[in-house]
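Reader: I'm new to reading protein structures. Could you walk me through one, feature by feature?

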Amino acid sequence: MSDSAPRLADHDLAALVDEWLDWDAAAARLGVTPAKVRTMVRDHQLASAVPAAGRPPMVPALFIDDEGLPVKGLPGLLTLMHDNGFDDRECIAWIFLDDDLPGRPIDALRENRGAEVKRRAQAMAL
């Protein structure tokens with residue numbers, strides 16, 4: 001990343017992510033309690049952030065697949081990124097940016113192309 005590029009933490013998440021779910025809505029999609037959603041965020045199965053001032057922490061809707069599960073490959077990617085010093089806000093920004101991959105990392109994950117996303121994240125951490 002060049003010096004002129006904004007830091008991941010400085011990106012406007014509300015502009016990057018079209019749909020956010022509060023704890024209750026995420027819990028309903030996952031078929032779990034809101035407390036379990038918090039546990040899933042803590043355990044890096046999901047990520048959450050405050051998308052805009054005055055809003056509560058929320059989960060990007062695209063992190064939950066059509067089966068009501070975290071998108072395949074997302075928990076491993078989040079763990080890798082957290083192990084390399086990224087916080088949830090930075091993870092979400094990177095996953096929704098259209099930088100190096102053909103398309104955004106979230107799209108690649110949802111299309112079962114997680115290996116290339118993980119490789120790119122590993123290279124970014126070096």
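**Starting from an aspartate**

Author: Happy to. Let's begin with aspartate 88, which sits in helix α5, residues 88-96. Keep in mind that this is a predicted model.

Reader: Okay. Is aspartate 88 buried or exposed, and how far away is the nearest side chain of opposite charge?

Author: For burial, we ask how much of a residue's area is accessible, and under 20% relative accessible area counts as buried. Aspartate 88 is buried, yet has no salt bridge. The nearest side chain of opposite charge belongs to arginine 89, and that is 10 Å away.

Reader: Then which side chain does the side chain of aspartate 88 make a polar contact with?

Author: That of histidine 82, at 2.7 Å. If you skip the neighbours within four places in sequence, aspartate 88 is in contact with Val41, Ala47, Ser48 and His82.

Reader: What about the rest of α5: how many of its residues are buried?

Author: Eight of the nine, so the helix is largely enclosed by the rest of the structure. Among them are Cys91, Ile92, Trp94 and Phe96. Have a look at the N-terminal end of α5 too, which is capped by aspartate 87: one of its side-chain oxygens lies 3.1 Å from the backbone nitrogen of arginine 89.

Reader: Which residues are buried in helix α4?

Author: In α4, residues 74-83, the buried ones are Leu74, Leu77, Leu78, Leu80 and Met81. Look down the axis of α4 and those buried residues fall within an arc of 160°, so they line one face of the helix. After α4 comes glycine 85, with a positive phi near 90°.

**Rings**

Reader: How do I describe two aromatic rings that pair up?

Author: A pair of aromatic rings is described by the distance of the centres and the angle of the planes. Searching the whole structure turns up one aromatic pair. Phenylalanine 63 and phenylalanine 96 form this pair, which is tilted, with 5.7 Å from centre to centre and 35° between the planes.

Reader: Where in the chain are phenylalanine 63 and phenylalanine 96?

Author: Phenylalanine 63 is in the loop between β2 and α4, while phenylalanine 96 is in helix α5. They are 33 residues apart, and the pair links distant parts of the chain. Both rings belong to buried residues.

Reader: Does anything else touch that part of α5?

Author: Try leucine 16, in helix α1, residues 13-16. Leucine 16 is buried, with a relative accessible area of 18%. Leaving out neighbours within four places in sequence, its contacts include Ala93, Phe96 and Leu97.

**Charged pairs**

Reader: How many salt bridges does a search of the whole structure find?

Author: Seven. To read one, find the partners and the distance between their N and O atoms. In the bridge between arginine 29 and glutamate 19, the closest N and O atoms are 2.9 Å apart. Arginine 29 lies in helix α2 and glutamate 19 in the loop between α1 and β1, so the pair ties together parts that are 10 residues apart in sequence.

Reader: And how accessible is arginine 29?

Author: Arginine 29 is partly exposed at 39% relative accessible area, and glutamate 19 is partly exposed at 41%. Arginine 42 bridges to aspartate 43 at 3.3 Å, N to O. Here arginine 42 counts as exposed at 58%, whereas aspartate 43 is partly exposed at 37%.

Reader: Which residues are linked in a network of salt bridges?

Author: Glu111, Arg113 and Glu116. Within that network, the side chains of arginine 113 and glutamate 116 meet at 3.3 Å, N to O.

Technical notes
Residues numbered from 1 in each chain as written. Predicted model: local features only at pLDDT ≥ 70, side-chain atom pairs only at ≥ 80, totals over all residues. Heavy atoms only, no water. Buried < 20%, exposed > 50% of the residue type's maximum accessible area, 1.4 Å probe, protein only. Helix = DSSP H or I, 4+ residues; strand = E, 2+ residues; numbered from the N terminus. Arc of directions from axis to C-beta. Lys, Arg positive; Asp, Glu negative; His and termini not counted. Salt bridge = Lys/Arg side-chain N within 4 Å of Asp/Glu carboxyl O. Polar contact = N/O pair within 3.5 Å; in protein donor to acceptor, adjacent residues only side chain to side chain. Contact = heavy atoms within 4.5 Å. Phe/Tyr/Trp six-rings, centres within 6.5 Å; stacked < 30°, edge-to-face > 60°.
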